[in-house]
Amino acid sequence: MKDVIEEEEEEQEVLDTEKIKILPGATEDGTAASFQITEEDHTLGNALRYIIMKNPDVEFCGYSIPHPSETKLNIRIQTYGSTTAVEAFQKGLADLSDLCSHIEDKFSEKINAADYSTEEP
């Protein structure tokens, strides 16, 4: 069992360098850029857009699915200039990950605190 867990952890550490790429059309100063994320849809797009827009350094963030039959998500970020679009994107991904971890922890805590046994006393 321990070997299976170690293998899963090793698989998670492998980075997919093709998952996210910067699309052409970024500004020279880095304040605006578009990114493409493969194998994702509205589930990630809307949540990530919301989190990125909560950043006070971000002027605009929007996403689109270029074609319904392709599993690609395009996201455009424009900042006020105090940070780059790449930094805002990285912060948004980290903030969304932290939020999901917090929700998972709270959910597990509440589930573990309750008695859901089906046996009658």
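## Exercises on a predicted model

**Exercise 1.** Leaving aside neighbours within four places in sequence, which residues is Gly62 in contact with? And is Gly62 buried or exposed?

*Solution.* Remember as you go that you're looking at a predicted model.

- Step 1: Skip the neighbours within four places in sequence, and the contacts of Gly62 are Arg49, Asn74, Ile75 and Arg76.
- Step 2: Now find where Gly62 sits: it belongs to strand 3.
- Step 3: Take one of those partners, Arg49. Along the sequence, Gly62 and Arg49 are 13 residues apart, and in space their C-alpha atoms are 6.1 Å apart.
- Step 4: Check the relative accessible area, which is 15% for Gly62. Buried means under 20%, so Gly62 counts as buried.

**Exercise 2.** What pattern of helices and strands does the protein chain follow, and what percentage of its residues is buried?

*Solution.*

- Step 1: Count the elements: you should get three helices and four strands.
- Step 2: Walk along the sequence and write them down in order, which gives α-β-β-α-β-β-α.
- Step 3: Turn to burial. The chain has 121 residues, and 23% of them are buried.
- Step 4: For the outside, the accessible surface is about 9,100 Å², with 52% of it belonging to carbon and sulfur atoms.

**Exercise 3.** Which residues touch the most other members of the largest nonpolar core, and which element gives the largest share of this core?

*Solution.*

- Step 1: This core has 15 residues, and the ones touching the most other members are Phe35, Leu48, Ile52, Ile75, Ile77 and Phe89.
- Step 2: Two or more core residues come from each of strand 2 (32-38), helix 2 (42-53), strand 3 (58-64), strand 4 (72-79) and helix 3 (85-113).
- Step 3: Helix 3 gives the largest share, with four residues.
- Step 4: Zoom in on Phe35. Beyond its neighbours within four places in sequence, its contacts include Leu23, Ile75, Ile77 and Phe89.

**Exercise 4.** At what angle do helix 2 and helix 3 pack, and how do the residues of their contact divide into nonpolar, polar and charged?

*Solution.*

- Step 1: Get the geometry: the angle is about 110°, and the axes are 9 Å apart.
- Step 2: Angles of 65 to 115 degrees count as roughly perpendicular, so that's the label for helix 2 and helix 3.
- Step 3: List who makes the contact. Helix 2 brings Leu44, Ala47, Leu48, Ile51 and Ile52, while helix 3 brings Ala88, Phe89, Gly92, Leu93, Asp95, Leu96 and Leu99.
- Step 4: Sort them: ten are nonpolar, one is polar and one is charged.

Methods. Residues numbered from 1 in each chain as written. Predicted model: local features only at pLDDT ≥ 70, side-chain atom pairs only at ≥ 80, totals over all residues. Heavy atoms only, no water. Core = buried A, V, L, I, M, F, W, Y, C linked by side-chain atoms within 4.5 Å. Buried < 20%, exposed > 50% of the residue type's maximum accessible area, 1.4 Å probe, protein only. Contact = heavy atoms within 4.5 Å. Areas by Shrake-Rupley, 256 points an atom, 1.4 Å probe, with all protein chains shown as cover. Axes fitted to C-alpha atoms, helices over the stretch in contact; angles between N-to-C directions. Parallel < 35°, antiparallel > 145°, perpendicular 65-115°, else oblique. Nonpolar A, V, L, I, M, F, W, Y, C, P; charged D, E, K, R; others polar.
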